[in-house]
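Here's a quick walk through one structure, written for someone who would rather look than wade through jargon. Have the model open and follow along.

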Amino acid sequence: MADIEKLKTLFEELPDGVKLIAVSKTKPAEEIMELYNAGHRIFGESKAQELIAKQEVLPKDIEWHMVGHLQTNKVKYLVPFVTLIHSVDSLKLLKEINKQGRKHDRVIPCLLQMHIAEESSKFGLDYEETCDLLESDVYREMQHVEILGLMGMATFTSDNEKIRKEFRQLRQHFSNLRKKYFSGKENFSEISMGMSSDYQLAIEEGSTMVRIGSSIFGERQTSET
Ligand SMILES: *Cc1c(COP(=O)(O)O)cnc(C)c1O
């Protein structure tokens, strides 16, 4: 069962301007409906197939966020309805999103996922790669994607200072990139950082979107993220 009380507490806790993405991966449609009936509309999934299956059966006014690693061959299924793709980590992926966006006559809102954690298993671009992407002619010619900000995941550790440093790093990247590539573009405004275990730190460090799963839905059966 989804924890509606926890959802309400979270809402009270979140400062204005911080969006809550309820990450419903591995949880059934019925549990999503519990939150939906309590008024929540923004949900995140980390696997394309699962997101598509849930979107088909759930109310159409749900805003779906793709937060996990996305393969280019799945992009075409998401593009017709997705609200935000948090996990763009290559020019190749962005090219495919743009191509599918054109087909569907949509501009797809995206975040660039940056690598801030120590773990090598976490996807994402480093600062230089991000600059290369944003400076490329291919990117500059894209008409069907809009980059609204950055996403990152901190190291899984109990060392709060380490987590805080990584979030601060992402915030710093955000400021630098905004200055360098997005001046005058108000829409470049989102920093998606913070999960169940570290969202308070993320908010203190400037998060505008927290992606919270287990705190609301309970622990997942599998250990995968
Ligand atoms: C699973 C997941 C979350 C939510 O994690 P919790 O620890 O359950 O809050 C957030 N972001 C991404 C990218 C995820 O895969």
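## Strand 6 and what surrounds it

Strand 6, helix 8 (residues 160–181) and strand 7 make up a right-handed β-α-β unit. Right-handed here means that, with the strands pointing away from the viewer, the path from the first strand over the helix to the second runs clockwise. Helices (H or I, at least four residues) and strands (E, at least two) are DSSP runs, numbered from the N terminus.

Before going further: this is a predicted model, where local features need pLDDT of at least 70 and side-chain atom pairs count only at pLDDT 80 or more, while totals for chains, interfaces and linings use all residues. Residues are numbered from 1 along each chain as its sequence is written, and side-chain values use heavy atoms, with hydrogens and water left out.

Strand 6 has partners, and the table lists them; two strands pair if DSSP finds at least two bridges between them.

| Partner of strand 6 | Bridges | Direction |
|---|---|---|
| Strand 5 (residues 108–114) | seven bridges | parallel |
| Strand 7 (residues 190–192) | three bridges | parallel |

To find your place, look for Pro-109, which stands opposite Glu-146 in strand 6, and for Met-151, whose bridge partner in strand 7 is Ser-192. Strand 6 is mostly covered, with seven of its eight residues buried (buried is under 20% relative accessible area, exposed over 50%, partly exposed in between, using a 1.4 Å probe and protein chains only).

Strand 6 also helps to line the second largest pocket, which has a volume of about 290 Å³. A pocket is an open set of points on a 1 Å grid over the protein atoms alone where a 1.4 Å probe fits, with protein on both sides within 12 Å along at least five of seven lines; lining residues have an atom within 4 Å of a point. The volume is the space filled by probe spheres set on the points. Of the 13 lining residues, Tyr-139, Ile-147, Tyr-181, Phe-182 and Lys-185 are the closest to the centre of this pocket. Which element gives the most to the lining? Strand 6 does, with three residues, and helix 7 (137–140) supplies at least two.

Now for a residue in helix 6 (residues 127–135), Thr-130. Thr-130 counts as buried because its relative accessibility is 0%. Leaving aside neighbours within four places in sequence, Thr-130 is in contact (heavy atoms within 4.5 Å) with Leu-112, Met-114, Leu-125 and Leu-177.
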